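The following exercises concern salt bridges, aromatic pairs and helices in a single model. Each task is followed by a solution in steps.

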Amino acid sequence: MKQIIGGNWKMNGSRLIALEFLSEMKRLGSGSVSSEIILFPPFTLIPLMTDAAADAGIETGGQDLFWLEKGAFTGEISPAMLADAGATWFLAGHSERRHVFGETDEVVRKKLEAGLETGLRGILCVGELIDEREAGRTEEVVKRQVEFALKDQKCVSPENFVIAYEPVWAIGTGLTATPDEAERMHSLIREWVAGIMSNDFADNTRIQYGGSVKPDNAAEILSRPSVNGALVGGASLKAGSFMDILRAVPLRK
Ligand code: PEP
């Protein structure tokens, strides 16, 4: 199964920064790595980055989308608009959308459904808050997020769907789950996916780890058998550190 490495730029970047980043990625050999690479820049940079990244082996995605096609929804971007801009992927339920902007499981589900129906491929982000972890509720919370998003989804398949397990307390904090913790949660998530969909679906679904993945911890996390890639925030903003993470992907997967 090909590993999938995503770079979530959040609200960072400019046209100049994007072009410099992509030319540096190409110079460092992004076109010849073994993983699938997806960049999630701010919406405004998607057309530019899609064009400039095509020969660097990189696809682009939206950090978010709205579930309706068009209409009076000031500030929103529809799945078709994302596709029209050149994106092939989207994130649904990133922790900042859930916890800064108040997106519920229901909203995340609608976004996932709409994006997949439009033909985009989606990464569903799940993960527990520190309070939930300390209260021993990690499994209950993550299971609920996975089940809510996936149950009775019609257009979903292992080809168009990826899960990112991102413990919220590890995002942007420099803290990470230990490779053993990540492995344990990924195995549980795979079991839950099997229960909702099928064993075959679960076995073929890629599960990324996210939360302060950096060049110095990437190899250990990415070598765990249930970890099929990473969703990277801060360390994806510099071509050098992002390429170091891509180079840390073990060849056997
Ligand atoms: C993220 O934004 O999904 C993320 C994991 O960020 P960071 O790598 O900076 O923790």
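A salt bridge is a side-chain nitrogen of Lys or Arg within 4 Å of a carboxyl oxygen of Asp or Glu. The model is predicted: local features need pLDDT of at least 70 and side-chain atom pairs count only at pLDDT 80 or more, while totals for chains, interfaces and linings use all residues. Residues are numbered from 1 along each chain as its sequence is written, and side-chain values use heavy atoms, with hydrogens and water left out.

**Exercise 1. Salt bridges between separate elements**

Task: State how many salt bridges the structure holds, and determine which parts of the chain are tied together by the pair D55 and K26.

Solution.
Step 1. The structure contains 18 salt bridges.
Step 2. In one of them, D55 pairs with K26, and the closest N and O atoms are 2.9 Å apart.
Step 3. D55 belongs to the loop between α2 (46–53) and β3 (58–62), whereas K26 belongs to helix α1, so the pair ties together parts that are 29 residues apart in sequence. Helices (H or I, at least four residues) and strands (E, at least two) are DSSP runs, numbered from the N terminus.
Step 4. Accessibility is classed by relative accessible area: buried means under 20%, exposed over 50%, and partly exposed in between (1.4 Å probe, protein chains only). D55, at 60% relative accessibility, is therefore exposed; K26, at 33%, is partly exposed.

**Exercise 2. A salt bridge between two strands**

Task: Locate E36 and R206 in the secondary structure, and decide whether E36 is buried or exposed.

Solution.
Step 1. The closest N and O atoms of the salt bridge between E36 and R206 are 2.8 Å apart.
Step 2. Because E36 lies in strand β2 (residues 36–40) and R206 in strand β7 (residues 206–210), the pair ties together parts that are 170 residues apart in sequence.
Step 3. E36 has a relative accessible area of 15% and is therefore buried. R206 counts as buried at 9% relative accessibility.
Step 4. A network of salt bridges links E36, E59, R121 and R206.
Step 5. For the strand context, β2 and β3 run parallel and are joined by 3 bridges; two strands pair if DSSP finds at least two bridges between them. L39 stands opposite T60 in β3, and 4 of the 5 residues of β3 are buried.

**Exercise 3. Helix α5 and its salt bridge**

Task: Compare the span of helix α5 with the span expected for its number of residues, and identify what covers its buried residues.

Solution.
Step 1. The expected span of a helix is 1.5 Å times one less than its number of residues. For the 13 residues of α5 (residues 105–117) the expected span is 18 Å, and the end C-alpha atoms are 18 Å apart, so the two agree.
Step 2. The buried residues of α5 include D105, V108, K111, L112 and L116.
Step 3. Their cover includes α3 (79–85), β4 (89–92), α4 (95–99), β5 (121–126), α7 (138–150) and β6 (161–165).
Step 4. K111 forms a salt bridge with D64, with the closest N and O atoms 2.9 Å apart. D64 is in the loop between β3 and α3, and K111 is in helix α5, 47 residues apart. Both D64 and K111 are buried.
Step 5. Just after α5, G119 takes a positive phi of about 100 degrees.

**Exercise 4. Aromatic rings**

Task: Classify the pair formed by F21 and F242 from its ring geometry.

Solution.
Step 1. Rings of Phe, Tyr and Trp (its six-membered ring) pair if their centres lie within 6.5 Å; planes under 30 degrees apart count as stacked, over 60 as edge-to-face and the rest as tilted.
Step 2. The structure holds 6 aromatic pairs. The centres of F21 and F242 are 6.4 Å apart and their planes are at 35 degrees, so this pair is tilted.
Step 3. The pair links helix α1 (residues 15–28), which contains F21, to helix α11 (residues 239–247), which contains F242; the two residues are 221 residues apart.
Step 4. F21 counts as buried at 4% relative accessibility, and F242 likewise at 0%.
Step 5. Ring pairs link W9, F21 and F242 into a cluster.

**Exercise 5. The surroundings of M185**

Task: Establish which residues M185 touches, not counting residues up to four places away in sequence.

Solution.
Step 1. M185 is placed in helix α8 (residues 179–196) and, with a relative accessible area of 3%, is buried.
Step 2. With contact meaning heavy atoms within 4.5 Å, M185 touches T138, E139, V142, Y165 and W192 under that exclusion.
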